[in-house]
Amino acid sequence: QVQLVESGGGLVQPGGSLRLSCVASGSDFSRNVMGWYRQYPGKQRELVAYITSGGSPNYVESVKGRFTISRDNAKNTMYLQMNSLKPEDTAVYYCHLLHRQADWGQGTQVTVSS
């Protein structure tokens, strides 16, 4: 039912910034808790940030102060503003619903390298 499409990744130098977008269609977006995940090669996806239906953000410690999660319910879109990027942020980033089943999107590659 729900489709998730991530975009905005790319290659950036350490200390640089990227803004990721996630468009969720086919569901009542505004009622869902949404999260950003990342996956390193050979490892499982890890939750890095999520935002409640009311707009309250939460982050893992490693990205606090650097990443900002937000959502625009009118556009069925979630964002991840990534600042002060580090090489260890290099991963494929995915969005997903925390409390509902959905197919994973293709993700968007973020590469931080000098």
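**The pairing of β4 and β5**

Begin by selecting residues 34-39 and residues 46-51 in this predicted model. The former are strand β4 and the latter strand β5, and the two pair in the antiparallel sense over 5 bridges. To see one of the contacts in this pairing, display G35 together with Y50, its bridge partner in β5. While the strands are on screen, the side chains may be shown as well: in a regular strand they alternate between the two faces of the sheet.

**The sheet around this pair**

Next, extend the selection to the neighbouring strands. β4 and β5 belong to an open sheet of 6 strands, whose order is β2-β10-β9-β4-β5-β6. The pairing within this sheet is mixed. Which strands form its edges? They are β2, residues 10-12, and β6, residues 57-59, each of which pairs on one side only. Viewed across the sheet, neighbouring strands are turned against each other by 25° on average, direction ignored.

**The aromatic cluster**

Now select Y37, Y94 and W104, which form one aromatic cluster. A search of the whole structure finds 2 aromatic pairs. Take Y37 and W104 to start: their ring centres are 5.1 Å apart and their planes stand at 85°, so this pair is edge-to-face. Y37 lies in strand β4, whereas W104 lies in the loop between β9 and β10 (108-112); the pair thus links distant parts of the chain, 67 residues apart. Is Y37 buried or exposed? Its relative accessibility is 14%, and residues under 20% count as buried, so Y37 is buried. W104, at 34% relative accessibility, is partly exposed.

Move on to Y94 and W104. The centres of these rings lie 6.0 Å apart with the planes at 85°, so this pair is edge-to-face. Y94 is in strand β9 and W104 in the loop between β9 and β10, so the pair ties together parts that are 10 residues apart in sequence. Y94 counts as buried, because its relative accessibility is 9%.

**Charges over rings**

Keep Y94 displayed and add R45. The charged end of R45 sits over the ring of Y94, 4.4 Å from the ring centre. A second arrangement of this kind is found by selecting R71 and F29: the charged end of R71 sits over the ring of F29, at 4.5 Å from its centre.

**The pairings of β3**

Leave the open sheet and select strand β3, residues 18-25, with strand β1, residues 3-7. These two strands run antiparallel and are joined by 5 bridges. Within this pairing, V5 has V23 as its bridge partner in β3.

Then add β8, residues 77-82. β3 and β8 run antiparallel and are joined by 6 bridges. L18 is a useful residue to display here, with M82 as its bridge partner in β8.

**Two loop residues with positive phi**

From β8, step back into the loop that separates it from β7 (67-72) and select N76. N76 is not a glycine, yet it has a positive phi of about 50°. Most residues other than glycine have a negative phi. N76 has a relative accessible area of 26% and is therefore partly exposed.

Now go to the loop between β8 and β9 (91-97), where S84 is placed. Here too phi is positive in a residue other than glycine: the value for S84 is near 50°. How accessible is S84? Its relative accessibility is 41%, so S84 counts as partly exposed.

**The whole chain**

Finally, clear the selections and display the entire protein. It has 0 helices and 10 strands. From the N terminus on, the elements therefore appear as an unbroken run of β. The C-alpha trace spans about 40 × 25 × 20 Å along its principal axes. With 114 residues, a compact globule would have a radius of gyration near 13 Å, and the 13 Å of this protein agrees with that value.

Colouring by accessibility will show how burial is distributed: buried residues make up 42% of the 114 residues. Among contacts with a separation of 6 or more, 53% come from residues 24 or more positions apart. The pair of Y37 and W104, with its 67 residues of separation, is one place at which to revisit a link between distant parts of the chain.

Definitions and conventions. Residues numbered from 1 in each chain as written. Predicted model: local features only at pLDDT ≥ 70, side-chain atom pairs only at ≥ 80, totals over all residues. Heavy atoms only, no water. Pairing = 2+ DSSP bridges. Helix = DSSP H or I, 4+ residues; strand = E, 2+ residues; numbered from the N terminus. Axes fitted to C-alpha atoms, helices over the stretch in contact; angles between N-to-C directions. Buried < 20%, exposed > 50% of the residue type's maximum accessible area, 1.4 Å probe, protein only. Phe/Tyr/Trp six-rings, centres within 6.5 Å; stacked < 30°, edge-to-face > 60°. Lys NZ or Arg CZ within 6 Å of the ring centre and 35° of its normal. Rg over C-alpha atoms; globule rule 2.2 N^0.38 Å. Contact = heavy atoms within 4.5 Å.
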